[in-house]
Amino acid sequence: MAPFTVLHVCMGNICRSPMAERLLARAVRDRVGEQGDQLVRSVSAGTGGWHEGEEMNPPAARQVRARRGSDAGFEARKLRGDFIDEADLILTATADQYDYVVALRPAAAGRTFVTGEFGRLLGAVDAAALPAGEPKPDAVHARGVAIVEAVHVLRGDDGPRPADDLDDPWGRGDQTFQRIGDEIEDTTVPFATLLLP
């Protein structure tokens, strides 16, 4: 069984989505140690594509390191349809990027959320109704899919709220990046905790 795959999407793939990629990976390792890399695959891409191959933006990298994550080896990528196809969960920085993903792959609508929207709804998921969360690839995958389905049901016909968007911190100071890092962790830490009890 392949790892449960989470695709994080922003515009340039050098600030918000790489921070989310690496902070989710760190949250997973906090739960289950190094085996987390075999259980959950956290990746990212950008809708713009003009930064392909670039490293993470320096203030974004500083935030990742300050939160015990790693920015090593990161290279920006342009979002492609096959990245969406391979993902079990897609988390976008904004509602506009949600629309971009769903326009590219309409079938992904039920597993695509704005990051803040997913985090906001996650707390209402009934953990007792989920499959067992033992740290094995098939069990983690099944539990992850069930979490995504539960959040999709909770969303109903409602869409994301403006406050669910992550502001674009590019070109701004460390204080802004710190706030965005906090907002990302408001989703990634509870998700890792629910996925890997």
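## A walk outward from an enclosed cavity

Let's begin inside the protein: the largest cavity is lined by H8, V9, R16, S17, A20, L91, T92, A93, T115 and L166. Keep in mind that you are looking at a predicted model. The elements that contribute two or more residues to this lining are β1, α1 (16–32) and β3. Of the elements, α1 gives the most, with three residues. Sorted by class, the lining holds five nonpolar, four polar and one charged residues. The space in this largest cavity is about 40 Å³, and the count of cavities of 30 Å³ or more comes to one. Rolling a probe the size of a water molecule over the atoms shows where empty space is left.

From the cavity, it is a short step to the strands. Two of the lining residues, L91 and T92, belong to strand β3, which covers residues 89–92. Which residues of β3 are buried on each of its faces? On one side they are L89 and L91, and on the other I90 and T92, so both faces of the strand are covered.

Now follow β3 to its partners. Strand β1 (residues 4–10) pairs with β3 in the parallel sense over four bridges, and I90 of β3 is the bridge partner of L7. Strand β4 (residues 112–114) also runs parallel to β3, joined to it by three bridges. Here L91 has F113 of β4 as its bridge partner, and L91 is also one of the residues lining the largest cavity. The connection between these strands involves a helix: β3, helix α5 (residues 95–104) and β4 make a right-handed β-α-β unit.

Back at β1, there is another partner to meet. β1 and strand β2 pair in the parallel sense over seven bridges, with G46 in β2 as the bridge partner of C10. Is β2 (residues 40–46) largely enclosed or largely open? Because six of its seven residues are buried, β2 is largely enclosed by the rest of the structure.

Next, take a look at helix α7, residues 137–155. Why does its length agree with what a helix should give? At 1.5 Å a residue, its 19 residues should span 27 Å, and the C-alpha atoms at its ends are indeed 27 Å apart. The buried residues of α7 are A139, V140, H141, R143, G144, A146, I147, V148, V151 and R155. An α-helix has 3.6 residues a turn, so residues three or four places apart point the same way. Just after α7 comes G156, which takes a positive phi of about 55°.

Finally, let's visit some residues that are not buried. R65 is found in helix α3 (residues 58–66) and counts as partly exposed because its relative accessibility is 44%. Its C-alpha atom and that of R80 are separated by 28 Å, with the two residues 15 apart along the chain. E75 sits in the loop between α3 and α4 (81–86). With a relative accessible area of 52%, E75 is exposed, since the cut-off for exposed is over 50%. From E75 to Y98 the C-alpha distance is 22 Å, and the two residues are 23 apart in sequence.

How values were computed: Residues are numbered from 1 along each chain as its sequence is written. This is a predicted model: local features need pLDDT of at least 70, side-chain atom pairs count only at pLDDT 80 or more; totals for chains, interfaces and linings use all residues. Side-chain values use heavy atoms; hydrogens and water are left out. Buried means under 20% relative accessible area, exposed over 50%, partly exposed in between (1.4 Å probe, protein chains only). Two strands pair if DSSP finds at least two bridges between them. A crossover is right-handed if, with the strands pointing away from the viewer, the path from the first strand over the helix to the second runs clockwise. On a 1 Å grid over the protein atoms alone, a cavity is a set of points where a 1.4 Å probe fits but cannot get out, and a pocket is an open set with protein on both sides within 12 Å along at least five of seven lines; lining residues have an atom within 4 Å of a point. Grid points are joined across faces, edges and corners, and a volume is the space filled by probe spheres set on the points. Ala, Val, Leu, Ile, Met, Phe, Trp, Tyr, Cys and Pro count as nonpolar, Asp, Glu, Lys and Arg as charged, and the others, Gly among them, as polar. The expected span of a helix is 1.5 Å times one less than its number of residues.
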